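Hi everyone, thanks for making time for this. I'd like to walk you through one model, so please have the viewer open and follow along with me.

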Amino acid sequence: MNVYAQHLASLYEPELLESVEGKTLLVTGASGLIGRFFVDSLLASKADFRLVLPARRALNFADSRVQSFIANLCEPLSLPDSTKLDAIVHLASSASPAAFAVSPIATIMLNVHATQNLLELASQHHAKFIFMSSSEIYGESAKILTETDMGYLDCMDWRNCYNESKRLAETLTQSFAYEKGAQSIVLRIPRTFGATFGAHDNRALSSFLRDCAMDRDIWLKSDGQQMYSFLYVGDCARAIAFALAKLPTNNAYNVASEAMSLQDFALHVANLNPKVCLRIEKTEQIGITKTQHSILDTIKIKNYGFFSKFSLQEGLEWTYRILKEKQEKERE
């Protein structure tokens, strides 16, 4: 069993897998960092379920429990057959600073129109709706942020195309609950990392990990003093399963593990590989967040029984091992 398969096989507690047993789930964003890991982790189990995966391009999942089809989420969705959905897990989003800089309008439309279309579908099927939101909705705040806090966001700044549209998408979930009786759960996650990032993912954490695994020095393009919460993708996937199984609907929940400076995170990554050094070169970057302090309080979800399974160091070590193994296979 390879490292990735070994990791996935031990990810979920049995009671979390019960949340998908006998169910049909529609999952968006299955080719992204979180979506790919979530789908792979479910398929690594022996649970009996069905996954319906709409995507912009063909997906390759060699498992009879998966049905994928080409779809534009910004248009009303028609399922390929008379499928009855039990839950929708909406993970698709443009989350790259490079994408924000090139296509801020498309960033907004995906977060808003896709969420609206999926909520319509959830309402038609009386399906539970899981929406993956972001710590960026809080804006700038020196506080440790609970779910009822809101920091400063300038709606006249184009960079807030992502933050503001995520906020509006959250409001959409509650508007559908009020008007149509939809049952939604919002998960607000911080900067999330793992080995399932795409080849064109240029976000800082993915770039750090990619360079580290390829024996290249890590370049930090700021002073790195920003203070953020972080989350390993394995715990993010577990939080989704936990939400399906145990969380009250029509609520928002913070999900995070440790908090530290961006520089300290980069140092943790560099220390995974003795061939790698951390280098700092402050350069102007377009599209990156202006938020300097974003630390999440997770007491609400902990009160329902959800705790991170992986420390930040453990998550980084799994990520590094998986990436290294992937490189070795590509060389064969």
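Let me start with a term: a pocket here is an open set of points on a 1 Å grid over the protein atoms alone, with protein on both sides within 12 Å along at least five of seven lines. The volume of such a set is the space filled by probe spheres set on its points. One more thing before we go in: what you are looking at is a predicted model.

With that in hand, let's go to the second largest pocket, which holds about 370 Å³ of space. Its lining is made of 16 residues, and those nearest the centre are Tyr4, Arg36, Asp40, Thr196 and Lys326. Which helix gives the most to this lining? That is α11, with five residues. Helices α3, residues 33–43, and α11, residues 312–331, each supply at least two lining residues. By character, the lining splits into six nonpolar, five polar and five charged residues.

There is also an enclosed space to look at. The structure holds one cavity of 30 Å³ or more, and the volume of the largest cavity is about 50 Å³. Around the largest cavity you will find Asn254, Val255, Ala256, Thr298, Ile301, Lys302, Phe306, Phe307 and Ser308. Five of these lining residues are nonpolar, three are polar and one is charged.

Now, the main sheet. Seven strands make up an open, parallel sheet, and if you walk across it the order is β3-β2-β1-β4-β5-β7-β11. At the edges sit β3, residues 66–70, and β11, residues 251–254, each of which pairs on one side only. From one strand to the next, the twist averages 20 degrees.

Helix α5, residues 104–125, packs on this sheet and touches β1, β4, β5 and β7. The direction of α5 makes about 170 degrees with that of β4. Helix α6, residues 161–180, lies across β5 and β7 and runs at about 160 degrees to β5.

Zoom in on the β11 edge for a moment. Strand β7, residues 183–189, runs parallel to β11 and is joined to it by four bridges. If you want one pair to click on, isoleucine 185 has asparagine 251 in β11 as its bridge partner.

Next stop is β10, residues 227–232, which has several neighbours to show you. How covered is this strand? Mostly: five of the six residues of β10 are buried. Three bridges join β10 to β8, residues 191–193, in the parallel sense, with phenylalanine 193 partnered by tyrosine 232. Another three bridges link β10 to β12, residues 259–261, and there the two strands run antiparallel. In that pairing, methionine 227 has serine 261 as its bridge partner.

Strand β10 also pairs with β14, parallel and over two bridges. Here methionine 227 turns up again, opposite histidine 293, while tyrosine 228 stands opposite serine 294. And β14, residues 293–296, has a further parallel pairing over two bridges, with β6, residues 144–145. In that one, leucine 145 is partnered by leucine 296.

Let me finish with three individual residues. The first is tyrosine 12, in the loop between α1 and α2. Is tyrosine 12 buried or exposed? It counts as buried, because its relative accessibility is 10% and the cut-off for buried is under 20%. Leaving out residues up to four places away in sequence, tyrosine 12 touches Leu17, Phe38, Ser41, Leu42, Ala237, Arg238 and Ala241. Tyrosine 12 and tryptophan 318 are 306 residues apart in sequence, and their C-alpha atoms are 16 Å apart in space.

The other two are about backbone angles. Most residues other than glycine have a negative phi. Histidine 126, in the loop between α5 and β5, has a positive phi near 55 degrees. At 73% relative accessibility, histidine 126 counts as exposed. Aspartate 215, in the loop between α7 and β9, also has a positive phi, of about 65 degrees. Aspartate 215 counts as partly exposed, because its relative accessibility is 32%.

That's the tour, and I'm happy to take questions.

Terms used
Residues are numbered from 1 along each chain as its sequence is written. This is a predicted model: local features need pLDDT of at least 70, side-chain atom pairs count only at pLDDT 80 or more; totals for chains, interfaces and linings use all residues. Side-chain values use heavy atoms; hydrogens and water are left out. Two strands pair if DSSP finds at least two bridges between them. Axes are lines fitted to C-alpha atoms, for helices over the stretch in contact, and angles run from 0 to 180 degrees between N-to-C directions. Contact means heavy atoms within 4.5 Å. On a 1 Å grid over the protein atoms alone, a cavity is a set of points where a 1.4 Å probe fits but cannot get out, and a pocket is an open set with protein on both sides within 12 Å along at least five of seven lines; lining residues have an atom within 4 Å of a point. Ala, Val, Leu, Ile, Met, Phe, Trp, Tyr, Cys and Pro count as nonpolar, Asp, Glu, Lys and Arg as charged, and the others, Gly among them, as polar. Buried means under 20% relative accessible area, exposed over 50%, partly exposed in between (1.4 Å probe, protein chains only).
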